[in-house]
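Thanks for sharing this one with me. Here are my notes on how the pieces pack, set out point by point so you can follow along in your viewer.

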Amino acid sequence: MSYPYQIQDKEGYFTSYEQSVNDPEGFWENVANSFLWRKKWDKVLEWDFKTPNIKWFLNAKLNITENCLDRHLENNGDDIAIIWEPNNPNDEVRKLTYKELHAEVCRFAHILKNNGVKKGDRICLYMGMIPELAIAVLACARIGAVHSVIFGGFSAKSIADRVIDANAEYIITCDGAYRGAKEIPLKSVVDDALTQCPFVKKVIVYERTGTSVSMIKDRDVWWDDEMQKVIESGLTDFPAEEMDSEDMLFILYTSGSTGKPKGVVHTCGGYMVYTTYSFVNVFQYKPGDVYFCTADVGWITGHSYIIYGPLAAGATGLMFEGVPTWPDAGRFWDITDKHKVNILYTAPTAIRSLMASGLEHVEKHDLRSLKVLGSVGEPINEEAWEWFHKYIGKGKCPIVDTWWQTETGGIMISNLAGVTPAKPAHATLPLPGIQPVLVDENGNEVEGNGVSGNLCIKFPWPSMIRTTYGDHERCRQTYFSTYENKYFTGDGCLRDEDGNYRITGRVDDVMNVSGHRIGTAEVENAINMHDGVIESAVVGYPHDVKGTGIYAFVITEHIHHDEDHARNDIAQTVARVIGPIAKPDKVQFVTGLPKTRSGKIMRRILRKIAEGNTDSLGDTSTLLDPAIVDEIIKGKV
Ligand code: WTA
C-alpha cells in the first residue's frame, strides 16, 4: 500500500495546508482518487451550514468494505489486519490476515442476509472487544445496513433508548464479555432492554464466556449455528452492496446538553476518505507498522481508528479485549513488548491512572519498538504528557495530541508525528483541509495569535456529521445555530503566539469523564428517578485520574441518618439508568440550590464550590436565597 497523500515533512504540511484552503475541492478530489470507487463523483462538494446540508463526492458509488478488505487481497492478502490480544494474557492470541477477515465478513454478511437484514436497516451492536465485533461492523457496512454500536458499559435502559430511537430491528451481542477480573453479562442486559422493544426481530448471539443465557424462540439465534449453516451451504464471497457516497454508514449516540443522547450520523464516502487520510498523516503509518489503539469500538475512536481508517490503509492493528490495569498496571507495556507495537494511541485518563500505579510496572518492560505515541479524548495535562514522553516514549517518540469529536468523524487538530512539532498539552495545528476559527461571545471571529475563544470550524470537511438521526432540527440547533455559518464544537480554546491550538474543555453542559462524554442533564434525570429525590444539580470538577469527576448536589424529602448508604443507593440508580460510567463521584445532600429569581440553577456557583474555589463566587446577592450558598459550602464533601 502506498499513500500518495501522506505528508512527508514540515514544508509539505504548509504547502498542503495552503492548497487545501485555496482549492478545497481540488485538494479532496486528489485524496479521494486513491480509493476504490465503483463510480466516481459528479461533484466534490455541496454545502450550506444554514440548513445544514452537506454532501461530499456527489453521486459517487462505493462500498467502504471493498476499500478496507477487497482491495488489499491481491497484493497484501496475507498481511495481518487484526492482532487480537485476549483479556487473559495466558489465553491464545488471534491473528486475522486480510484474506481471513474478508472471508469472515463475507460469511457474516450472509448470516445477516439469511436473517432478513436489508440495506438501510438499523442494527445495534452490544459486544465486547473481540474480532467478531469488527467482523459484525464490517458485515453491516458490506450489506449496507446502518450499524449503531453501543458501548458495553451502558445500561439496559440506555440500550432500549438507542434501539427505539434508531428503530433497530436487529441486535448483535455476546453472551458475556471479559473485562479484567469481571465478567459482564451482555445478553442478559440486552434481554432487559428488549422487554421495551417488542419490534426487534432477531438477536444474534456470539458465545464468548459460556455463561448461561436465555434464548427466546424465533428471535434469538447463535452466531456459531448460523455460521455453520453458511459454511455448509458453501457460500463464500458476499458481493458488497453498492452504496451512494451519502448513504448512511452508521449512527453513534453521544451525549449533549439535554437529557437525551443524540444519534450522530456519518455517511460512506467522506467518512472513508477522511478517516484514512487522517490516520496515515497523524500517525505517519508505514506499511508493516503494528498500531495499537486502546479505545473501545463503542466510541468514535474505535470506529475511525480501530476499524475503518487503519483497515482502509491496509494497516496491522491490535485490538485488546481487556483493561489497562489487569492482571496488573503493566498490561499495556506487556502487550507493547509482546507484539512489538510501533504506534500506541491511548487516552489521558489511562496515562494518569498508570502513572499513579508507579514506575515499577513500566521499568520491567523494554518498549523499544515504540515510534509514535498518541492521546485523545480530553485535554492532556503537562505532567501526564511529560511522563508519557519520558517513561513510555523514552524521550524519542513524538506524541500526537489529537483533538476531535464524535461529530467530526476524524482527527481535526493535531501535530503530525515527527513531521510538525509537538507542544505539551497543545493539539497544535489543524490538519490540511480543516479551517478552525475562534469566536468571541458575540460570534465575531477572533483573529491573530495569543487569543482565546470558542472553537468553531468554518468550512466543511468530508467526515463531518450530516444529521442527528430522526431529528435534523436538533443537528441544526446544536451545531449550526450558535454562530452563523460555522460549525460550533462546544469547546473553549486558546491559540498561542505561534498559532498552536490548546483545547481548554467543554463550554456547554457536557462533562468529559475519563474521556467519556456525559451530559449533566442526563445524570440529573437519572438521580431524579431515585426514590425520595426532589431535585438535583450536577457539575464536573477536576479529578486527578478521570480528568473530570461528577459532583451531584441533591435535595431529598428526608434527612438521611446514614448518608453514605444513601449516596451509594443513588449511585446504583444512576448505574441502572445510564451505566456505571455515569456514577457520581461525590453526592452532597443539600436543602436548596442556588437559583436566580427566575428559578434558573446557578451552575457557575456550584461548579466553583465543587472545585473548592469559593473565594471568587462573584455576586450572590441576586439569588433567590443567598444563604443557601453558605450552607452548601459548609457541607461540601
Ligand atoms: C474532548 C472523542 C482536548 C473535547 C474523539 C471534545 C479533547 C470531546 C481532545 C469529544 C484533545 C477530545 N484535547 N480535548 N486531544 N480530544 N477532546 O465525542 O472536549 O467522545 O469536544 O470524541 O472530547 O468527545 P468524543
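1. Let me start with a helix pair. In this predicted model, helix 9 (residues 268-282) and helix 10 have axes that come within 8 Å and cross at roughly 90°. The two helices are therefore roughly perpendicular to each other.

2. Which residues make that contact? Helix 9 contributes Tyr-271, Thr-275, Thr-276, Ser-278 and Phe-279, while helix 10 brings His-303, Ser-304, Tyr-305, Tyr-308, Gly-309, Pro-310 and Ala-312. Sorted by class, the contact of helix 9 with helix 10 holds six nonpolar and six polar residues, and no charged ones.

3. Helix 10 (residues 300-312) also packs against helix 5 (residues 131-143), at an angle of about 65° and with the axes 10 Å apart. Because angles of 65 to 115 degrees count as roughly perpendicular, helix 5 is roughly perpendicular to helix 10. The crossing of helix 5 past helix 10 is right-handed.

4. On the helix 5 side, Ala-134, Val-137, Leu-138 and Ala-141 meet Ile-307, Tyr-308 and Leu-311 of helix 10. This contact of helix 5 with helix 10 consists of seven nonpolar residues, with no polar and no charged ones. Do have a look at Tyr-308, which is listed in the contact with helix 5 and also in the contact with helix 9.

5. Now to the sheet. It is open, has seven strands in the order 5-4-17-16-18-19-20, and its pairing is mixed. Strand 5 (94-97) and strand 20 (399-402) are the edge strands, each pairing on one side only. On average, neighbouring strands here are turned by 20° against each other, ignoring direction.

6. Within that sheet, how do strand 16 and strand 17 pair, and over how many bridges? Strand 16 (residues 290-293) pairs with strand 17 (residues 316-320) in the parallel sense, over three bridges. Phe-292 is placed opposite Leu-318 of strand 17.

7. Two helices are worth viewing against the strands. Helix 4 (residues 98-114) lies across strand 4 (80-85) and strand 5, and runs at about 85° to strand 5. Helix 5 packs on the sheet too, touching strand 4, strand 5 and strand 17, and its direction makes about 30° with that of strand 5.

8. Further along the chain there is another parallel pair: strand 29 (residues 547-556) and strand 30 (residues 586-589), joined over four bridges. Ala-552 stands opposite Val-587 of strand 30. From strand 29 the chain passes through helix 17 (residues 563-577) to reach strand 30, giving a right-handed β-α-β crossover.

9. If you plan to check backbone torsions, here are some to look up. Thr-51 and Pro-52 are joined by a cis peptide bond with omega of about -15°, and Pro-52 sits in the loop between strand 1 (43-48) and strand 2 (53-58). From Trp-326 to Pro-327 the peptide bond is cis as well, with omega near -5°. Pro-327 belongs to the loop between strand 17 and helix 11 (331-339).

10. Finally, where does Asn-167 lie? This residue is in the loop between helix 6 (156-166) and strand 8 (170-174). Its phi is near 50°, which is positive although Asn-167 is not a glycine.

Key. Residues numbered from 1 in each chain as written. Predicted model: local features only at pLDDT ≥ 70, side-chain atom pairs only at ≥ 80, totals over all residues. Heavy atoms only, no water. Axes fitted to C-alpha atoms, helices over the stretch in contact; angles between N-to-C directions. Parallel < 35°, antiparallel > 145°, perpendicular 65-115°, else oblique. Left-handed = near helix turned anticlockwise from the far one by under 90°. Contact = heavy atoms within 4.5 Å. Nonpolar A, V, L, I, M, F, W, Y, C, P; charged D, E, K, R; others polar. Pairing = 2+ DSSP bridges. Right-handed = clockwise from strand over helix to strand, strands pointing away.
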